[in-house]
Amino acid sequence: MKAPALLRVLFLLLLLAVQGVPASAAGSAPLRSRPIRDASDPAGPVLEVRADAFGLPLASSDLARQYDKPCVQLEAGDSVRFTVSIPEEGDYTVTFDAAVPETVLVTAPEGKLLVDGDLPVEDARRIVFPVYYRSGARQFPLDRYGNQIPAPPVRLARWTQVPLRDVNFSRKYPLAIHLTRGEHQFEFTLTRETLLLGSIYLRPFSPDISYAQYLARLTVPETSGVRVELEAEWPAFKNDVSIRPLYNRSLDVTPYDTYQLVLNTIGGDSWQRSGSALYYEVEVPQDGLYLITLRALQDTRPNFTVFRRIIINGAVPFDEFHEVPFGYSTRWQNITLPYRVYLHAGVNIIGIEVTTSPYDEAIRNIRQSIREINNLALEIRRLTGNQADRYREWEIADYIPDIRERLGRIADKLAADKAALQAVNNGLNSQEIMNYQMALENIRLLAREPNKIPVRMNRLSEGPQSAAQLLGSVLSALQNQPLTLDKIYVHSPDVIPPVPRVSLWTAFSENVKRFIHSFRPTPYQTIGASEDEVEVWVNRPRQYVDLMQQMADQTFTPRTGIRVRFSIMSNEAKLALAIAANIEPDVALGISTNIPYELALRNALYDLRSFEDFDSFIRIYSPGSLLSYIINDSVYAIPETQDFWVTFYRRDILEQLGLPVPQTWGEVIAILPELQRYGMNFYTPLSTGSGLKGYLVTAPYIWNFGGELYPPDGLRTGLGSDESIAAIRFMAEQFTVYGMPLTAVSFYDSFRNGTLPVGVSNVEAYIKLYTAAPEIEGLWGIALYPANVLPDGHQLRHATGSAQTCIMLADTDKPRESWEFLKWWMSTETQVEFARQLMMNYGREYLWYTANVEAFRYLPIPEEHKDVILAQWEWLREPVKLPGTYMQERELSNAWNRIVFNGVNPRVAIDTAVVTINREMARKMEELGYTRNGVPVREIKIPTIETVRQWMEAAGK
């Protein structure tokens, strides 16, 4: 061996000994990691910490064996600790070798990284690991009408390198953490789901090379004569389950069919969230340089540019591929990326990822501006007591001396962002630019006249045209980057991908054919089933009905021999018309909770309790969920979906104010002064804008104060009792004495911006916060509905939970088959699979809040939320329906309105309501044959939760 070579070897051995990284878990002997060098890491040696240094048992599953190094399996709450010796001070990126097991379906695993006991960067609090999916079939299945429907996605477990990125995936590069020379203690904790973790790498941060540098380093030749064509709707895999194939009736896309619906594109609005990616496997015959052409359409955002990041075999090869622009167009275009990329012979993986990195600075500035505007609004509300009197003069500038400067800084920042946004979009004015301009004008106007801000809060933070709301709409628009793909071409530079040419005659003839075809009835809305089919009408959108039909055809019919035909019922009010016309279905699903009782009174529904196994079947439900559908001992509907009312709270705000999460109404009243001192408040469902306060929000107060809606005989109202009067008085005093907001346009928006940081709401708010509030992810939680404490110390926290129901029509000629279908549909197995398929096909926004309590336990939502909801459902209680119930519901609302808005004495308002209710109930009882000349002739049985429990228990013996 020559001397220089020997010296190089000795030097490398010395480097390994000196720069080796001790990596140890608590209680285990220190192990040294290996500095490794990678062709894609020109910045210097990469520090690797292997999984056998974590001090945990090594994984041995099939997925673990696919990884060529040691790995460990972590469950939520597990931690790994290790020590790293940094050779030189500087910025480093952190990358994880990880794989998500197939048992994890929708919710992505998350982790937290600490360095020396602290978060190295704020976003290290929430590291999201991708969950991958592939198509469950090689061709799209057909529904019974010959139209294509999406193939169910299947989980794909694969190993990948996951860099530490910002939580919104909006930065151009992975996050860099600054480390000084010497030893540092690292701790990684998995906070959600299950994860296989391999080696962890620390790389010196370096920006990616330019395209010119990339080409200069390559020595491979250009290819010639190669063209690989892929249908974009068939990705090899994806990291977002909500990205779905779409129908497009344009003649410019393939495949195409004149009469049938064909899934021929992918993306659109389902592919707009930063970080969402599609991956394609491309096989090329030889090593060399290739071009990539995308047949794409961005026609939903006029004068707006969306961006994609292009990933080749797991890495972004050069800087320009981080931000590839796609402008607005009303026509499909072949967009050839102006960069040659190296692909090796064989299969290559090309990833196309949504990115908002060109708008990242604007997004961060908008968020900061909204926070500053909201903080300023809170200060002003504290000064003015939230009173907007246009005839009162304020000297705001004396109390907030720097208010002009603060508003000026916000305006300057936004003006710079607006100019940058216009530059990105080639100087064109989009809706986002217009909203920017209106927000700027509001802020500059207020900066010129700060003393008038108290009467101009609608320009600052309140209302749809305020600066805060306008900036919020811009923020949402910048974060959404929709793009639709039809084809992907990978080709040699000398090959031009084909552009579809549709002749004028072809376009004319196709339009004529489709016009004539449009006069045919839509099969999904056509009523009537064949003799051997159970006809089911569904009051839900088509994607639900398609999935129901598919599941019934694949599982229910083969198992039972009973065929089912589903039709869309666009308006449930048509059900009564269908009954009158004698064309009603056998079964109807998605029916509002107020309808079954009215139909049952008129003998239009089948008594489901007449089936022998009914009492045993209903053990899947909360007992109180059935009360609205019971007449005497008969049951005329079963719950399909179920709502929940819980307390939502902003953890960050309550901690900042030092306030507890209220568990009772007394605790709510106790925290109100502190909330109101800062211009905040508590939200109750009574604050909704509607004039009628229905049983959903009023009945719980009656029950929780110990009252009842009716006395045991059911012939009159129960609102005259002392307990009910106390409940109604408290309902009113929440607003007349304690100052809760009388109206709130949107609890969701107010909760996000912090003006209503705690309040009672339902599943609608939950789904919005769970899926569409990324800026407060991890900063909010839910707790039980506030309890009322009775004089004896007993706590009651009853709440309603009605949503949609299933009914069987009385005139069905297939009662046994219909009952078998209902049992199958509401069974735990079917509900779990339906919920899973909905979310995997369409995303988390399609959370299926089933009324089957057993199935609800399997929903992919945080366990702590699930525990709260299930605990609240133990208090679920639906209002019993009796003849004249509608009048009691209305008059209870009217009494509240009289007390709150007219200042009527509670006792007077209630006495007036009682007289009106009793008169109407007496009339209805006479009409329906329960009384004759005011004398009871038929018994009315008022069902209770205990009644339903007894049915369930008797069936279990």
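**Backbone features, sheets and buried helices of the predicted chain**

In the predicted model examined here, Pro255 is located in the loop that connects β17 (245-247) with β18. The peptide bond leading into this residue, from Thr254 to Pro255, adopts the cis form, and its omega angle is near -10°. Most residues other than glycine have a negative phi, and most peptide bonds are trans. Two further loop residues also have backbone angles of note. Asp116, which is not a glycine, nevertheless shows a positive phi of about 55°. A positive phi of about 55° is likewise found at Asn933, again a residue other than glycine. Asp116 belongs to the loop between β7 and β8, whereas Asn933 is part of the loop between β40 (931-932) and β41 (935-936). With a relative accessible area of 41%, Asp116 is classed as partly exposed; Asn933, at 72% relative accessibility, is classed as exposed.

The overall organisation of the chain was considered next. In total, 27 helices and 41 strands are assigned. The radius of gyration is 32 Å, close to the 30 Å that the globule rule gives for 957 residues, so the chain is as compact as a globular protein of that length. The C-alpha trace extends over about 120 × 75 × 65 Å along the principal axes. Buried residues make up 54% of the 957 residues. Of the contacts that link residues at least 6 apart in sequence, 77% connect residues at least 24 apart. The accessible surface amounts to about 41,300 Å², and carbon and sulfur atoms account for 51% of this area. As to charge, the chain carries 95 positive and 112 negative side chains, with the centres of the two sets 3 Å apart.

The loop that contains Asp116 joins two strands of an open sheet. This sheet consists of four strands in the order β5-β13-β7-β8, with antiparallel pairing. Strands β5 (79-86) and β8 (127-128) occupy the edges and have a single partner strand each, so one side of each is left without a neighbour in the sheet. Strand β7 (residues 110-115) is connected to β8 by two bridges, and the two strands run antiparallel. One of the residues involved is Glu110, whose bridge partner in β8 is Val128.

A second set of strand pairings centres on β26. This strand, formed by residues 483-491, is mostly covered, with nine of its nine residues buried. Strand β18 (residues 263-268), which follows the loop of Pro255, pairs with β26 in the antiparallel sense over three bridges. Within this pairing, Ile266 has Leu485 of β26 as its bridge partner. Strand β15 (residues 227-231) also runs antiparallel to β26 and is joined to this strand by five bridges; here Glu229 stands opposite Tyr489. Strand β20 (residues 288-297) is paired with β26 through seven bridges, likewise in the antiparallel sense, and the bridge partner of Arg295 in β26 is Lys487.

Among the helices, α17 (residues 695-704) has nine of its 10 residues buried, so this helix is largely enclosed by the rest of the structure. The buried positions are Tyr695, Val697, Thr698, Ala699, Pro700, Tyr701, Ile702, Trp703 and Asn704. These residues pack against three helices, α16 (665-677), α18 (722-736) and α25 (885-902), and against the strands β37 (788-789) and β38 (795-796). Just after the helix, Gly706 takes a positive phi of about 90°.

Helix α24 (residues 863-873) also contributes buried residues, namely His865, Lys866, Val868, Ile869, Leu870, Gln872 and Trp873. The surroundings of these residues include both strands and helices: they pack against β33 (646-650) and β36 (780-783), as well as against α20 (763-772) and α23 (853-856).

An exposed helical position is found in α12 (residues 574-580), the helix to which Leu577 belongs. Leu577 has a relative accessibility of 60% and therefore counts as exposed. The C-alpha atom of Leu577 is separated by 45 Å from that of Val474, a residue 103 positions away along the chain.

Notes:
Residues numbered from 1 in each chain as written. Predicted model: local features only at pLDDT ≥ 70, side-chain atom pairs only at ≥ 80, totals over all residues. Heavy atoms only, no water. Buried < 20%, exposed > 50% of the residue type's maximum accessible area, 1.4 Å probe, protein only. Contact = heavy atoms within 4.5 Å. Rg over C-alpha atoms; globule rule 2.2 N^0.38 Å. Areas by Shrake-Rupley, 256 points an atom, 1.4 Å probe, with all protein chains shown as cover. Lys, Arg positive; Asp, Glu negative; His and termini not counted. Charge placed at Lys NZ, Arg CZ, Asp CG, Glu CD. Pairing = 2+ DSSP bridges.
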